[in-house]
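User: I am in my first year and would like a close look at a single part of this structure. Could you take one strand and its pairing partner as the starting point, and then lead me outward from there?

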Amino acid sequence: MAKGLSKGLTSYGDDGFSLFLRKAFIKAMGYSDDALSRPIVGITNTYSDYNPCHGNAPQLIEAVKRGVMLSGAMPMVFPTISIHESFAHPTSMFLRNLMAMDTEEMIRAQPMDAVVVIGGCDKTLPAQIMAAASVDLPTVVVPVGPMVVGHHKGEVLGACTDCRRLWAAHRADTIDAEEIEVVNGRLAPSVGTCMVMGTASTMACITETLGLSLPMSATVPAPHAERIRIAEASGRVAARMAVEGGPRPSELLTPRSLRNAAVVMQAIGGSTNGVIHLAAIANRTPHAFDLAELDEIGRRVPVLVDLKPSGAHYMEHFHHAGGVPKLLKELGDLIDLDAPTVTGATLREVAAAAEDVPGQDVIRPRSAPIKAEGSMAVLTGNLAPGGAIIKQAAASPGLLTHTGRAVVFSSVPDMIARIDDPDLDVAAEDVLVLQNAGPKGAPGMPEAGYLPIPKKLARQGVKDMVRISDARMSGTAFGTIVLHVTPEAAVGGPLALVETGDMIRLDTAGRRIELLVEEAELERRRKKLDAQPAPVAAERGYARLYQTSVLQADEGCDFDFMRHPSRLTAED
């Protein structure tokens with residue numbers, strides 16, 4: 001098999017000439033024949049002025065290069081798409097699959113024997129792992145790391161759980177415009193990803209559990225020197241893998257490692273977005289991701305990590321308490337500790353080496369969990385026949401079983417237009433319902449599932465309501481919120497049939513979400529819905545590809561044709 005610079009030659013009809021030409025051009029960069037004879041480690045550059053999460057990427061790239069060269073291999077840095085949650089229109093989820101395709105094709109197109117992918121912000125790690133699973137080239141993942149915490153009036157602050165809490169207070173007129181501007185400058189005091197257990201932190205913990213990154217990679221704060229040393233060590237590991245040819249992602253992304261990832265996701269109070277991303281990663285392998293198994297895991301695995309939004313602490317506290325290795329040790333037989341990692345060690349060896357920090361209370365023992373059940377529960381019922389997700393760990397206990405009157409918004413623009421209307425007919429015990437905010441309907445499945453409390457209720461002191469949608473919500477958000485309702489409204493799912501005034505019953509313990517309307521009436525509404533003109537798809541480009549090919553939330557919102565060949569159906 002071809003290695004190094006001879007790998008994946010450009011087709012000119014003459015392989016000798018192809019290699020000759022390649023070497024001639026790359027020598028223009030000043031490389032010697034000795035350098036060009038080495039195994040090659042590709043390194044993704046996801047730095048962007050639009051991506052403060054990745055503000056430390058240049059330092060990490062230099063450290064990875066150093067580790068590669070110290071191990072005798074040749075580092076080659078190449079750019080890919082970079083996605084930041086707050087700067088991606090219409091949503092970062094809309095662009096995740098584009099980044100996955102870009103990363104995959106750039107790894108395939110350019111000669112490299114192993115690759116180091118550097119990412120962090122919510123959709124980048126999933127996109128990079130999806131790409132790695134499809135290419136199946138030896139891969140090491142280097143997360144950029146979480147921010148350090150901020151402070152305001154003696155209170156520790158974190159983007160973005162506290163940004164939501166304080167913005168809600170501003171909407172309720174308990175924080176004025178001047179103070180909210182001061183808060184705005186203190187929520188994100190350094191580069192890096194959100195320092196709570198949002199999607200970025202969830203995916204970093206999942207990545208470490210899958211064995212794709214080095215121990216402690218998930219939790220070291222972005223500005224810390226230890227983050228740089230992990231990047232250098234990752235370069236060393238990648239150089240070894242470039243010579244040895246493995247382990248490949250297909251050797252690490254196995255049924256047991258995917259189950260391990262689901263266990264950790266439940267134990268850390270993980271983001272609901274992690275469900276979608278883990279399903280998408282699994283669909284790039286021959287192995288299925290089963291929502292029923294996720295729910296079964298959630299019934300058995302308690303929340304052990306005391307982090308916002310489910311708890312009280314932040315990622316740097318999780319790190320100093322022992323990080324993922326210590327969590328794995330506490331989980332014990334709930335984890336398959338014989339799963340391998342990129343370093344060659346098993347999770348059992350990683351857990352055995354975990355630091356024991358006296359007096360820490362961030363990572364709890366199983367005998368004293370934060371929550372008795374896992375972060376998320378999977379709901380089914382006539383409103384969500386394909387399933388829905390509720391982050392029970394961040395919900396109001398008194399609302400986990402609730403029956404209320406639906407107040408329906410037909411789209412995100414409709415919600416924006418009416419949610420704060422003083423004449424809106426809404427009460428605290430009602431159920432807010434958002435339609436047409438799913439993968440196809442929005443498009444891009446925005447994080448609009450965290451419907452704001454109507455201003456007139458917020459001013460009365462209402463802090464939570466049952467909210468239901470086919471959208472997503474940020475992992476940093478909190479509340480009694482039912483998400484990912486499948487099938488979505490835009491493809492004719494039952495959510496599209498809900499009307500204001502209907503009664504809805506949420507029974508989290510029973511894992512049910514029910515629309516309490518007679519079947520005959522629902523059938524009448526279906527016929528009326530079917531008679532309406534079909535939505536017009538985007539005319540061109542990526543938007544058209546997305547709308548015509550994106551899968552539903554339970555299958556990870558990947559493109560139907562990007563799944564592993566063994567998972568493609570006859571229709572595909």
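Analyst: In this predicted model, strand β3 (residues 114-119) pairs with strand β4 in the parallel sense, over five bridges. One position where you can see this is Val-115, which stands opposite Thr-139 in β4. Between the two strands in the chain comes helix α5 (residues 124-135), and β3, α5 and β4 together make a right-handed β-α-β unit.

Now look at β4 itself, residues 139-143. Five of its five residues are buried, so the strand is largely enclosed by the rest of the structure. In a regular strand the side chains alternate between the two faces of the sheet. With that in mind, you can sort the residues of β4 by side: Thr-139, Val-141 and Pro-143 lie on one side, Val-140 and Val-142 lie on the other, and both faces are covered.

From this strand, follow the chain onward to Lys-153, which is found in the loop between β5 (150-152) and β6 (155-157). Most residues other than glycine have a negative phi, and most peptide bonds are trans. Lys-153 has a phi near 50 degrees, a positive value in a residue other than glycine. This lysine is exposed, because its relative accessible area is 66%, and the cut-off for exposed is over 50%.

Helix α6 (residues 161-171) comes later in the chain, and its buried residues are Thr-161, Asp-162, Cys-163, Leu-166, Ala-169 and Arg-171. Among the elements that cover these buried residues are β6, α7 (177-184) and α18 (455-458). Just after α6, Asp-173 takes a positive phi, of about 70 degrees. A positive phi is found again at Met-216, where the value is near 75 degrees, and this methionine has its place in the loop between α8 (199-209) and α9. Met-216 is buried, because its relative accessible area is 18%, and the cut-off for buried is under 20%.

Two peptide bonds also deserve a careful look. The bond from Gly-246 to Pro-247 is cis, with omega near 5 degrees, and Pro-247 lies in the loop between α9 (225-244) and α10 (249-252). A cis peptide bond also joins Lys-308 and Pro-309, with omega about 5 degrees, and Pro-309 lies in the loop between α13 (291-300) and α14 (315-320).

To see how helices can meet, turn to α4 (residues 92-109) and α20 (residues 541-549), which pack at an angle of about 95 degrees with their axes 11 Å apart. That angle makes α4 roughly perpendicular to α20. On the α4 side the contact is made by Met-93, Phe-94, Leu-95, Asn-97 and Leu-98, while α20 contributes Tyr-542, Ala-543 and Tyr-546.

Finally, consider the interior. In soluble globular proteins, nonpolar side chains tend to be buried together. Here the largest nonpolar core has 97 residues, and those with the most contacts inside it are Phe-318, Leu-327 and Leu-331. If its neighbours within four places in sequence are left aside, Leu-331 is in contact with Val-263, Val-264, Ala-267, Val-301, Leu-304 and Arg-366. Apart from this core lies another, of 28 residues, which includes Ala-388, Val-433, Ala-489 and Leu-497.

Technical notes: Residues numbered from 1 in each chain as written. Predicted model: local features only at pLDDT ≥ 70, side-chain atom pairs only at ≥ 80, totals over all residues. Heavy atoms only, no water. Buried < 20%, exposed > 50% of the residue type's maximum accessible area, 1.4 Å probe, protein only. Helix = DSSP H or I, 4+ residues; strand = E, 2+ residues; numbered from the N terminus. Pairing = 2+ DSSP bridges. Right-handed = clockwise from strand over helix to strand, strands pointing away. Core = buried A, V, L, I, M, F, W, Y, C linked by side-chain atoms within 4.5 Å. Contact = heavy atoms within 4.5 Å. Axes fitted to C-alpha atoms, helices over the stretch in contact; angles between N-to-C directions. Parallel < 35°, antiparallel > 145°, perpendicular 65-115°, else oblique.
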